[in-house]
Amino acid sequence: MGETFFHKATGRCSDGRLIVDFIAEAYGLPLLQPYLSGEDNLDKFKHGANFAVAGATALDAKFFYDRKIGQLLWTNDSLSIQLQWFKQLKSSLCSSKQDCADYFKKSLFLVGEISGNNFNYPFFVDGRISDAQAMVPLVVNSIATAASILIEEGARELMVAGNLPIGCSALYLTLYRTPDTAAYDRHGCLRAHNAFSQFHNSQLKLALEKLREKYPYARITYADYYGAARRLFHAPKHFGFTQRSLVACCGGGGPEVHATSTIQRDAGTMDRRRVRIHQNT
């Protein structure tokens with residue numbers, strides 16, 4: 001990973017930069033370092049840390065093992081474990097309650113789009129949308145609980161991301177390919193799976209509204225990844241994509257040339273002078 005921008009391996013689940021990298025650049029901050037790469041040198045995280053792990057889920061691994069799909073997990077480092085890492089790092093960043101309050105009130109905590117992986121694993125074994133919908137309250141509650149914990153730990157500005165239009169994903173288009181043209185929208189995306197993403201996002205936004213009521217002193221922003229990504233699929237040439245926008249760059253062949261295993265996501269934290277992040281993909 002990293003070949004198109006860094007021209008070397010960086011530990012990112014991307015050939016280029018992550019969303020949080022662009023945020024850091026906009027603030028004139030150094031790009032975030034992965035937390036697991038520097039546990040023995042905590043000074044490197046004064047400007048922020050990235051706790052994300054590719055394939056991580058909002059729900060703990062036990063949930064998936066109980067449903068006989070735990071063997072599909074890329075990692076057991078779920079959101080709760082990443083929160084533990086954050087708490088461990090916190091003690092090296094500030095020493096008292098007031099010190100931490102002063103430190104974190106200038107920070108942006110990015111709770112990235114970790115929800116998608118919770119649904120990817122069951123969907124990848126031909127899971128039904130109705131089963132995924134039943135998981136949504138659990139996933140949303142886990143994300144809302146994580147945001148609540150961060151606020152209790154001192155966070156005052158959070159950005160919580162929604163799910164992407166998975167019906168436009170090359171992998172989903174390959175796994176759920178069908179001759180039924182009614183299953184696709186006019187852009188070639190799977191209607192039902194995009195509708196599921198929208199359902200999840202609507203529930204997440206409701207949960208965030210409750211958090212705003214509970215913590216009126218915190219600023220909680222919903223990041224509309226669905227809407228942002230949809231623009232790429234609806235008007236690809238406007239963004240420099242001259243070929244079809246629903247194909248992957250490489251992979252196992254087929255109309256969508258899908259990669260058999262892909263992952264995305266992030267969650268984290270940032271500040272005008274320092275950045276801390278929890279990233280889960």
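**Exercise 1. The enclosed helix**

Work out why helix α5 (residues 115–123) counts as largely enclosed by the rest of the structure.

*Solution.* Start by counting: 9 of the 9 residues of α5 are buried, so the helix is largely enclosed by the rest of the structure. Keep in mind that this is a predicted model. Next, put names to the residues: S115, G116, N117, N118, F119, N120, Y121, P122 and F123 are the buried ones. Finally, look for what covers them. The buried residues of α5 pack against α2 (61–66), α6 (129–152), α7 and α8.

**Exercise 2. The whole chain**

Sketch the chain as a whole: how many helices and strands does it have, and what share of its residues is buried?

*Solution.* Count the elements and you get 9 helices and 7 strands. Of the 281 residues, 51% are buried. Now turn to the contacts between residues at least 6 apart in sequence: 66% of them join residues at least 24 apart. Last comes the surface, where the chain exposes about 13,600 Å². Carbon and sulfur atoms supply 53% of that area.

**Exercise 3. Rings in pairs**

Find the aromatic pairs in the whole structure, then classify the one made by F123 and Y172.

*Solution.* The search turns up 18 aromatic pairs. For F123 and Y172, the ring centres are 5.7 Å apart and the planes meet at 75°, so the pair is edge-to-face. The cut-off you need here is a plane angle over 60 degrees. The pair links distant parts of the chain, with F123 in helix α5, Y172 in helix α7 and their positions 49 residues apart. Both rings belong to buried residues, F123 and Y172.

Now try Y215 and Y217. Their ring centres lie 6.0 Å apart with the planes at 80°, so this pair is edge-to-face too. Check the cover on each partner: Y215 has 2% relative accessibility and counts as buried, whereas Y217, with a relative accessible area of 47%, is partly exposed.

To finish, follow the ring pairs elsewhere in the chain. They link Y35, F45, F51, W85, F86, Y103, F104 and F109 into a cluster.

**Exercise 4. Charged partners**

How many salt bridges does a search of the whole structure find, and are E25 and R17 buried or partly exposed?

*Solution.* The background is simple: side chains of opposite charge can pair when their charged atoms come close. The search finds 8 salt bridges. Here are three of them, one step each.

- Step 1: E25 and R17 meet through their side chains at 3.0 Å, N to O. E25 has a relative accessible area of 34%, so it is partly exposed. R17 sits at 28% and is partly exposed as well.
- Step 2: D102 and K105 form a salt bridge with the closest N and O atoms 3.8 Å apart, within the 4 Å cut-off. D102 is partly exposed at 32%, and K105 is partly exposed at 48%.
- Step 3: R212 bridges to E209, with 3.0 Å between the closest N and O atoms. Both lie in helix α8, 3 residues apart, about one turn of the helix. The geometry helps here: an α-helix has 3.6 residues a turn, so residues three or four places apart point the same way. As for cover, R212 is partly exposed at 27%, and E209 is partly exposed at 37%.

**Exercise 5. A histidine in a loop**

Where does H187 lie, and which residues does H187 touch, leaving aside those up to four places away in sequence?

*Solution.* First locate H187: it is in the loop between α7 (170–175) and α8 (191–214). Then list the neighbours, skipping residues up to four places away in sequence, and you get F233, H234 and L246. Among these, H234 makes a side-chain to side-chain polar contact with H187 at 3.4 Å.

**Exercise 6. Out at the surface**

Which residues make the nonpolar surface patch of about 250 Å², and is A195 buried or partly exposed?

*Solution.* The patch is made by L232, F239 and F241. L232 belongs to helix α9 (residues 225–234), and its relative accessible area of 32% makes it partly exposed. Now move to A195, in helix α8. A195 has 41% relative accessibility, so it counts as partly exposed. For a distance check, take A195 and I166, which are 29 residues apart along the chain: their C-alpha atoms are separated by 9.2 Å.

Note on methods. Residues are numbered from 1 along each chain as its sequence is written. This is a predicted model: local features need pLDDT of at least 70, side-chain atom pairs count only at pLDDT 80 or more; totals for chains, interfaces and linings use all residues. Side-chain values use heavy atoms; hydrogens and water are left out. Helices (H or I, at least four residues) and strands (E, at least two) are DSSP runs, numbered from the N terminus. Buried means under 20% relative accessible area, exposed over 50%, partly exposed in between (1.4 Å probe, protein chains only). Contact means heavy atoms within 4.5 Å. Accessible areas come from the Shrake-Rupley method with a 1.4 Å probe; for residues, only the protein chains shown count as cover. A polar contact is a pair of N or O atoms within 3.5 Å; within protein, one must be able to donate a hydrogen and the other to accept it, and residues adjacent in sequence count only if both atoms are side-chain atoms. Patches are made of residues with over 30% relative accessible area and no salt bridge: like charges are joined within 9 Å, nonpolar side chains (Val, Leu, Ile, Met, Phe, Trp, Tyr) within 5 Å. Rings of Phe, Tyr and Trp (its six-membered ring) pair if their centres lie within 6.5 Å; planes under 30 degrees apart count as stacked, over 60 as edge-to-face and the rest as tilted.
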